[in-house]
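Trainee: Before we go on, I would like to ask how some of the labels on this model are reached.
Mentor: Go ahead, once it is in front of us.

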Amino acid sequence: MSKAILYDSTLCIGCKACEGACAERWGFPYNDRVAAEERISAHKLTTIEAHGDKFSRRLCLHCAEPACASVCPVGALQKTALGPVVYDAEKCMGCRYCLQACAFQVPSYEWEKRLPRMRKCDMCYERQSRGEPTACAAACPTGATKCGDRDALAAEARERIAAKPGDYYAGIYGVKEAGGTSVFYISAVPFAQIGLRTNVPQESLPTLTWRVLELVPDVVSTGSVLLGGIWWITNRREEVAKAEGKRK
Amino acid sequence: MRLRLPKLTIWRAIFAAILLSGLYATYLRVFYGLGGATNLSDRFPWGIWIAFDILCGVGLAAGGFTLVAVVHIFNIERYKPILRPAILTAFLGYSLVVVALLYDLGRPDRLWHPLVMWNPRSVMFEVAWCVMLYTTVLFLEFLPMVFEKFGWHRPRAWIHNISVPLMIAGVLLSTLHQSSLGSLFLIVPEKMYPLWYSPTLPAQFYVSAIGVGLAMTIFESWHSSRAFGRALELPLLASMGRVLAVLMAVYLWLRFLDLSHRGVFGLLFENRLETWMFLLEIALMAVPTVLLFNPRVRFSPGALYACAVMVVFGFVANRLNVGVTAFESGSGVHYVPRWSEVAVTLSIIALGFAFFRVIAERFPVFERVGQALPPANSRLYETEEERIEVG
């Protein structure tokens, strides 16, 4: 069963308990100064953003087919069967292609360190594999962040919208975005108004590069026959010319 | 015996200044990390070290595989005199790309990781392998110059035996990774400005790399003829100019088709940075293309050289636009490279010129005919000589 997170912006009161719990779980310092930062970074993997009287939460969306994992040249990022996209810092060589490729601008880099790592939310992989909820969901006092089975959460989101159509914008962010994610957003207003990127392609992003990459064996096999053939023909011509020259 | 200090010329002074600034930038990079040496950020993770040092570095070295294909696979023998300089340029180019990677990678000590940690779905993985293998091929293609210099006939003959498969491998590897540098960007359709994002980026990158490879060959022949007092192989270069004109025409037509099929011509009427950068890039390629169709331009060394330089600059503008300009609006931050990023890049270019000169002077890179000038004659070229160091 694949795990997911449902964030309901209408229930969020902006208390930032999720931020604190997340920092504690990662062992990052958390104080008023960090709390005031409204952008995720290498020392703050989730953040609450205020958009007027509405709130929004930033964290890794754990795509079903993550661009970051597909572009990583050393396979440091993996989509697990459990749902979270996890990162192995021991493999990472720091090309930062994951930062470049992520449609949601999630991964952060430890720019100031001599031996830097990429940093991003891992949906509390080890907590979830023990069957516990994520630290953020456990800390949320209002149920705005809820953790559970992906299909069940999608159904619940649909139910909440259907039950109070006046309170919700009719849509679930994360169902189609980038081919589907493991974090869903529902909100009272269109998603652009709570700072979510709405120009994200509605298809699986790794297909865009795979379409070209899968041609590599064809290029190699066809190319070597073609080039070898051309070499054989052009040099044969020369041999013939030489042989005829000798005969004269 | 009197100790003679090297003569201080303006080009040597510039060369030294560039290397000194590069050294200081290296210190910043090593001790203060990427954050201390670059203006990169989470929202703008790739800067000019990728867009110039890697994308342009690999592209500008494309003359190596192009001429190997022309001379040894298509067997067009008359291009042979410019083959070795092209191989040397390519070998130096790729070596310097590896140096640039040591700066750009967050963990340069893990450069070898793609050798043992595989992800065949990653374009970067494919590029890493191709660059690694092709640099090896280039080294083997360069080795005969070393063997000839020292008169080692047996290893020379050994390399000759494997030369055909080696050259075919080199052309294939180049085809793959020159185009794959374009494929790197296929995964970010919504982040890139529509003038540059295109599903045809791999094809665009491949064709323009072959074009700029020829332009670089003309460029280096012109410089080395001045620096080493060789006669310019003008008829040869002029016929290359003709091929270049056709290639660039094909390339520009590809770009036109791409823009029209994606219906983005309307963007050209918007007064913004992207429009002007795009027009600059296209102009730098279109002007020499048109000029090169004129035989008077092709047979005038100065004009031919100017056209080659324009193509090179147009190519550089294109790669910088794809790697940097295209991301300015979609990323939400404004990136301008820090001085230390520029210093490292300039140092790498300067080292490229310097190594080329040092090797070309000591190894049989150019055909012997041109090298047999008396010393008195070569002094005439001394003032020009310094140019090659920094270009």
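**Labels and their reasons**

Trainee: This is a predicted model. Why is Asn75(B) called partly exposed?
Mentor: Asn75(B) has 15 other C-beta atoms within 10 Å. Buried needs 20 or more and exposed needs 12 or fewer, so a count in between is called partly exposed. Asn75(B) is therefore partly exposed.

Trainee: Where does Asn75(B) lie, and what is its phi?
Mentor: Asn75(B) sits in the loop between α3 (63-73) and α4 (83-104) of chain B. Its phi is positive, about 60 degrees, although Asn75(B) is not a glycine.

Trainee: What makes a positive phi worth a remark there?
Mentor: Most residues other than glycine have a negative phi.

Trainee: What makes Ala178(A) count as buried?
Mentor: The cut-off is 20 or more other C-beta atoms within 10 Å. Ala178(A) has 24 C-beta neighbours inside 10 Å, so it counts as buried. Ala178(A) also has a positive phi, about 55 degrees, and is not a glycine. It belongs to the loop between α7 (150-163) and β9 (183-186) of chain A.

Trainee: How many residues of chain B are in contact with chain A?
Mentor: In chain B, 41 residues are in contact with 50 residues of chain A. The largest share of that side of chain B, 7 residues, comes from α8(B). By class, the side of chain B that touches chain A has 25 nonpolar, 9 polar and 7 charged residues.

Trainee: Which domains does chain A have?
Mentor: The domain assignment gives domain 1 (3-205) and domain 2 (215-247) of chain A. Their C-alpha centres lie 56 Å apart.

Note on methods: Residues are numbered from 1 along each chain as its sequence is written. Chains are lettered from A and ligands numbered from 1 in the order in which they are written. This is a predicted model: local features need pLDDT of at least 70, side-chain atom pairs count only at pLDDT 80 or more; totals for chains, interfaces and linings use all residues. Domain bounds come from an automatic or database domain assignment. Two residues are in contact if their C-beta atoms, placed from the backbone, lie within 7 Å. Helices (H or I, at least four residues) and strands (E, at least two) are DSSP runs, numbered from the N terminus. Ala, Val, Leu, Ile, Met, Phe, Trp, Tyr, Cys and Pro count as nonpolar, Asp, Glu, Lys and Arg as charged, and the others, Gly among them, as polar.
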